[in-house]
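Hello,

Here is the structure I promised to pass on. Please open it first, then read the notes below.

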Amino acid sequence: MCLPGSVTLAAAENNQQQGLSLVNLTCERDERVLFASLNADFFAGDIVQVTGANGRGKTTLLKIIIGTLPATRGEVSWRLNSASLRENLLYLGHHPAVNLSLTALENLSWYFGLNGRKSLIHDNLPDRDILTSALASVGLGGYEDVLCSQMSAGQHRRVALARLYISEAPLWLLDEPFTAIDRAGVAELEGVVAQHAARGGIVLLTTHQPLQAISHFRVLDLADFPPAPVEVA
Ligand SMILES: Nc1ncnc2c1ncn2[C@@H]1O[C@H](COP(=O)(O)OP(=O)(O)OP(=O)(O)O)[C@@H](O)[C@H]1O
């Protein structure tokens, strides 16, 4: 099966066999090569920190992996135990993507397609309990019904990160997830990432901060995949 960009899906028999391969991936933007001939494999249990200086292409790489940007050359090959990338993938983008005109609970509800309308959330107590608990886990207990327009940047990020506590997707792609999060919050969230990998999940994340609370992770440094030097005649 082919998806937009350079993404293909292959069948995996179970969660443990799920994974992702980047094959000879090269990306040019505005006639500038960001990275070239990037090969990497990701397996169940992997935590991979994608590193590189500002503008090196970390966000671009994640977008290529999920198929919203095309690679110039090469292939992204997912191995999934169901045909749906959407079911298997949790992607948190660079921006928290919080709707300011909705409450924290409505935003979280919307993410999961439960139903963003307040009346239905309130009628559906089991869902509300699950979402309320997730918000409490990111330090937003008591903020369920507060409009996001009345929250800080760090709280917006926390609303988005609450998804980590209720996601059943095995594959997490997190672009700068800890931006605007205080130190205690980062340590807690690193713990959630580590637990997810310990259960057989795969996490790719970009962050400029060193990981403190995660003991086993790999680094994918985009500086290791530089474009070939231009030959001067
Ligand atoms: N919307 C865009 N249109 C064209 N080029 C873009 C666009 N966004 C980014 N770029 C280019 O792609 C390059 C890589 O950007 P990207 O956001 O992937 O970098 P990054 O490594 O995630 O950076 P940062 O650490 O600053 O978030 C940038 O240097 C920029 O020149």
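A definition to start: pLDDT is the predictor's confidence in each residue, on a scale from 0 to 100. You will need it, as this is a predicted model.

**Confidence**

The protein has an average pLDDT of 87. Of its residues, 88% score at least 70. Strand S4, residues 47–51, has the highest confidence, at a mean of 97. Helix H4, residues 118–123, has the lowest, with a mean of 46. Across residues 114–122 the pLDDT falls below 50. That stretch still has 16 contacts in the model beyond near neighbours in sequence. A caution applies here: where pLDDT is low, predicted coordinates should not be read in detail. For the model as a whole, ipTM is 0.96 and pTM is 0.89.

**Ligand surroundings**

Which residues are around the ligand? They are Arg29, Asp30, Leu34, Gly52, Asn54, Gly55, Arg56, Gly57, Lys58, Thr59 and Thr60. By type, the shell has six polar residues, four charged and one nonpolar. Helix H1, residues 58–66, supplies the largest share of this shell, with three residues.

**The open sheet**

H1 turns up again further down, against a sheet of four strands. The sheet is open, and its order is S1-S5-S2-S3. Pairing within it is mixed. Why do S1 and S3 each have one side without a neighbour in the sheet? Strand S1 (7–11) and strand S3 (32–43) stand at the edges and have a single partner strand each, so one side of each stays free of a neighbour in the sheet. On average, neighbouring strands here are turned by 20° against each other, direction ignored.

Inside the sheet, look at strand S2 (residues 19–29) and strand S5 (residues 73–80). These two pair antiparallel, over six bridges. Val23 stands opposite Glu75 of S5. H1 packs on this sheet and touches S2, S3 and S5. The direction of H1 makes about 125° with that of S2.

**Strands S6 and S7**

Now turn to strand S6, residues 89–92. Is it covered on one face or both? Both faces are covered. Leu89 and Tyr91 are buried on one side, and Leu90 and Leu92 are buried on the other. S6 runs parallel to strand S7, residues 171–175, and four bridges join them. Leu90 has Trp172 as its bridge partner in S7.

Best wishes

Conventions:
Residues numbered from 1 in each chain as written. Predicted model: local features only at pLDDT ≥ 70, side-chain atom pairs only at ≥ 80, totals over all residues. Near = placed C-beta within 6 Å. Nonpolar A, V, L, I, M, F, W, Y, C, P; charged D, E, K, R; others polar. Contact = placed C-beta atoms within 7 Å. Buried ≥ 20, exposed ≤ 12 C-beta atoms within 10 Å, placed from the backbone. Pairing = 2+ DSSP bridges. Axes fitted to C-alpha atoms, helices over the stretch in contact; angles between N-to-C directions.
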